Amino acid sequence: MDTDFFVRELMTSNGLQPTPAYEAHVRDREEKAAAVDQEFLQTPAMNTEEWKKRNFELRHVFTRTAAHGFHHRICAKRGYHSASEQCICTLCGHSCSQYHILTCQARTETLTFYAKEGNF
């Protein structure tokens, strides 16, 4: 996140010349980085460090939000599934992306509420 690939830093700092294997590796890494859902980068786990601390009580909320965004909790299509263009939010009635819960204007409950199995 906002840093260069370590292999590129090593090559540059040591004055090495790129090889075909190096170029293929960097190209592969760039393709993988470009494929990351940009909404994923806005999840609390990607923007804070507190959940990594020892005995952090809400770690499961941070990691589950990043993993699936609790999409299956607010989507009209019931059950766990990946978001699609047909998904509609039960809270606001708008299109429901994988991480819609983070920006839904109609959400009144905390993310901790959506993490609890007994609430659904």
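These questions and answers go through a predicted model of one chain.

Me: How many helices and how many strands are there in the chain?
Reply: From the N terminus on, the elements run α-α-α-α-α-α. No strand appears in that order, and the count for the chain is six helices and zero strands.

Me: Is the chain a compact globule or more spread out?
Reply: The C-alpha atoms fill a box of roughly 55 × 40 × 20 Å along the principal axes. For 120 residues the globule rule gives 14 Å, while the radius of gyration of the chain is 19 Å. That value is well over the rule, so the chain is more spread out than a compact globule.

Me: What percentage of the 120 residues count as buried?
Reply: A residue is buried when its relative accessible area is under 20%. By that cut-off, the buried part of the 120 residues is 27%.

Me: At what angle do the axes of helix α1 and helix α2 cross?
Reply: Two packed helices are described by the angle between their axes and the distance between the axes. Helix α1 covers residues 6–13 and helix α2 covers residues 20–34. Their axes come within 10 Å, and the crossing angle is roughly 145°.

Me: Which residues make the contact between α1 and α2?
Reply: The residues of this contact divide into four nonpolar, one polar and two charged. From α1 come V7, R8 and M11, and from α2 come Y22, H25, V26 and E30.

Me: Which parts does the salt bridge of R8 and E30 tie together?
Reply: Side chains of opposite charge can pair when their charged atoms come close. The side chains of R8 and E30 meet at 2.7 Å, N to O. The two residues are 22 apart in sequence, so the pair ties together helix α1, where R8 lies, and helix α2, where E30 lies.

Me: Are R8 and E30 buried, partly exposed or exposed?
Reply: Partly exposed residues lie between the 20% limit for buried and the 50% limit for exposed. The relative accessibility of R8 is 22%, and that of E30 is 38%. Both R8 and E30 therefore count as partly exposed.

Me: By how much of a helix are K32 and D28 separated?
Reply: The side chains of K32 and D28 meet in a salt bridge of 3.5 Å, N to O. K32 is exposed at 55% relative accessible area, whereas D28 is partly exposed at 33%. The two residues are four apart in helix α2, so their separation is about one helical turn.

Me: Which residues are joined into one network by salt bridges that share partners?
Reply: The whole structure holds five salt bridges. One of them pairs E49 and K52 at 3.3 Å, N to O; E49 is exposed at 54% and K52 is partly exposed at 48%. The network made through shared partners joins D4, R8 and E30.

Me: Which residues make up the largest nonpolar core?
Reply: In soluble globular proteins, nonpolar side chains tend to be buried together. The largest such core here has 12 residues, and α6 gives the most to this core, with three. Its residues are V61, F70, I74, C75, C87, C89, C96, I101, C104, L111, Y114 and A115.

Me: Which residues does L111 touch, not counting those up to four places away in sequence?
Reply: L111 belongs to the largest nonpolar core. Beyond four places in sequence, L111 touches P44, V61, T65, F70, I101 and L102.

Me: Which helices do the buried residues of α4 pack against?
Reply: Helix α4 covers residues 59–68, and its buried residues are V61, F62, T65, A66 and H68. After α4 comes G69, with a positive phi near 65°. The buried residues of α4 pack against α3, α5 and α6.

Me: Is F70 buried or exposed?
Reply: F70 lies in the loop between α4 and α5 and has a positive phi of about 55° although it is not a glycine. Its relative accessibility is 1%, so F70 counts as buried.

Me: Is N55 buried or exposed?
Reply: Most residues other than glycine have a negative phi, and most peptide bonds are trans. N55, in the loop between α3 and α4, has a positive phi of about 60°. Its relative accessibility is 70%, so N55 counts as exposed.

Methods
Residues numbered from 1 in each chain as written. Predicted model: local features only at pLDDT ≥ 70, side-chain atom pairs only at ≥ 80, totals over all residues. Heavy atoms only, no water. Axes fitted to C-alpha atoms, helices over the stretch in contact; angles between N-to-C directions. Contact = heavy atoms within 4.5 Å. Nonpolar A, V, L, I, M, F, W, Y, C, P; charged D, E, K, R; others polar. Buried < 20%, exposed > 50% of the residue type's maximum accessible area, 1.4 Å probe, protein only. Core = buried A, V, L, I, M, F, W, Y, C linked by side-chain atoms within 4.5 Å. Salt bridge = Lys/Arg side-chain N within 4 Å of Asp/Glu carboxyl O. Rg over C-alpha atoms; globule rule 2.2 N^0.38 Å.
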